[in-house]
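Hi,

Here is the structure I promised to pass on. Have a look at it first, and then read my notes below.

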Amino acid sequence: MEGSFQDYIRSYPLKPDKSPVTLYDGSEKGNQTSHAAVFALPVFDSDLQQCADSVIRMYGEYLWARGASDRIAFHLTNGFLMDYPSWREGNRLAVDGNQVWWVKKASYDDSYETFLLYMKYVMMYAGTLSLDNECTAIDISRIKAGDMFIKGGSPGHCVMVADVAVNRDGDICFLLAQGYMPAQDFHILNNPLHMEDPWYYARELSYPLKTPEYVFQEGSLKRWYLSDFL
């Protein structure tokens, strides 16, 4: 559907075919067999944009592009809701141990550069634990782009559903995308069951679900709490 997250990510630019996955420092990732395509999503020049951070970045970029920046908000690991509208107004984080609060430090600024700075700070203090807490488990029959397989933890991991297709018989297939550690390009994953075909098929789905670099257990397919805007 036009304007949906699926439409957004389907239209998102990719790097040229057979591009390597590169790390935040510009070097190539050691494992170059796990991906089918690489998104042209810039990675910050520090080890921030890892697995959950990449998903968070895609959510934020989509809401920004859609003109729904008032909806951008993520809980930090300690539970604090870090919303973009407060940041845009010039509020910045004050941190003392596990306590976080807003302090007015700047004037109103709704530029894209300020949005990116907001995203950097979210990545500093959020992760798979906080993202998992923002999600609810769903059944495979309800899967849509923007959903994810996630295991909250330190470390945990998550991969995002990048696309979904259904044939005339109702059979579902989907693509998965991930960032990882160290911070690296967001990329479409291969399917270890058939490396020549990156699609994951619901009829093949069993647990534990093996992706190229992580294994997910039953109950890990989840939906973000703001996904009604995706």
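To start with a helix: how far does α4 reach from its first C-alpha to its last? This is a predicted model, by the way, and in it α4 has 14 residues and reaches 20 Å between those two atoms, close to the 20 Å expected at 1.5 Å a residue.

Let me stay with α4 for a moment. Its buried residues are Thr 114, Phe 115, Leu 116, Tyr 118, Met 119, Val 122 and Met 123. What covers them includes helices α2 and α3 (84-88), along with the strands β2 (73-75), β3 (81-83) and β4 (91-96).

Met 123 is a good residue to click on. You'll find it in α4, which runs over residues 112-125. Met 123 counts as buried because its relative accessibility is 4%, and the cut-off for buried is under 20%. Leaving out residues up to four places away in sequence, Met 123 touches Phe 44, Leu 48, Gln 49, Asp 53 and Arg 57. You can also try a distance from there: Gly 179 is 56 residues from Met 123 in sequence, and their C-alpha atoms are 13 Å apart.

Next, α2, which is part of the cover over α4. Does the length of α2 fit its residue count or clash with it? It fits: at 1.5 Å a residue, the 15 residues of α2 (residues 51-65) should span 21 Å, and the end C-alpha atoms are indeed 21 Å apart. This helix is mostly covered, with 13 of its 15 residues buried. Just after α2 comes Gly 67, which takes a positive phi of about 80°.

Now the whole chain. There are 5 helices and 14 strands in it. A compact globule of 230 residues would have a radius of gyration near 17 Å, and the chain agrees, with 17 Å. Along the principal axes, the C-alpha trace spans about 55 × 35 × 35 Å. Of the 230 residues, 53% count as buried. If you count the contacts with a separation of 6 or more, 58% of them are between residues 24 or more positions apart.

As for the surface, the accessible area of the chain comes to about 10,800 Å², and carbon and sulfur atoms account for 50% of that. The charges are 20 positive and 30 negative side chains, and the centres of the two sets lie 2 Å apart.

Two serines are worth a visit. Ser 34 sits in the loop between α1 (5-11) and β1 (35-38). Is Ser 34 buried or exposed? It is buried, with a relative accessible area of 1%. Setting aside residues up to four places away in sequence, Ser 34 touches Lys 29, His 187, Ile 188, Leu 189, Asn 190, Pro 212 and Glu 213. Ser 4 is in the segment before α1, and at 10% relative accessibility Ser 4 counts as buried too. With the same residues left out of the count, Ser 4 touches Tyr 62 and Leu 230.

A few spots in the backbone also caught my eye:

- Ser 154 and Pro 155 are joined by a cis peptide bond, with omega about 5°. Pro 155 is in the loop between β7 (148-151) and β8 (157-166).
- The peptide bond from Met 181 to Pro 182 is cis, with omega near -10°. Pro 182 is in the loop between β9 (172-178) and β10 (187-189).
- Lys 18 has a positive phi of about 70° although it is not a glycine. Lys 18 lies in the loop between α1 and β1, and at 76% relative accessibility it counts as exposed.

One last residue is Asp 139, in the loop between β6 (135-137) and β7. Asp 139 is partly exposed, with a relative accessible area of 44%. Asp 139 and Arg 223 are 84 residues apart in sequence, yet 9.9 Å apart in space, C-alpha to C-alpha.

Happy browsing!

Technical notes:
Residues numbered from 1 in each chain as written. Heavy atoms only, no water. Helix = DSSP H or I, 4+ residues; strand = E, 2+ residues; numbered from the N terminus. Expected span 1.5 Å × (residues − 1). Buried < 20%, exposed > 50% of the residue type's maximum accessible area, 1.4 Å probe, protein only. Rg over C-alpha atoms; globule rule 2.2 N^0.38 Å. Contact = heavy atoms within 4.5 Å. Areas by Shrake-Rupley, 256 points an atom, 1.4 Å probe, with all protein chains shown as cover. Lys, Arg positive; Asp, Glu negative; His and termini not counted. Charge placed at Lys NZ, Arg CZ, Asp CG, Glu CD.
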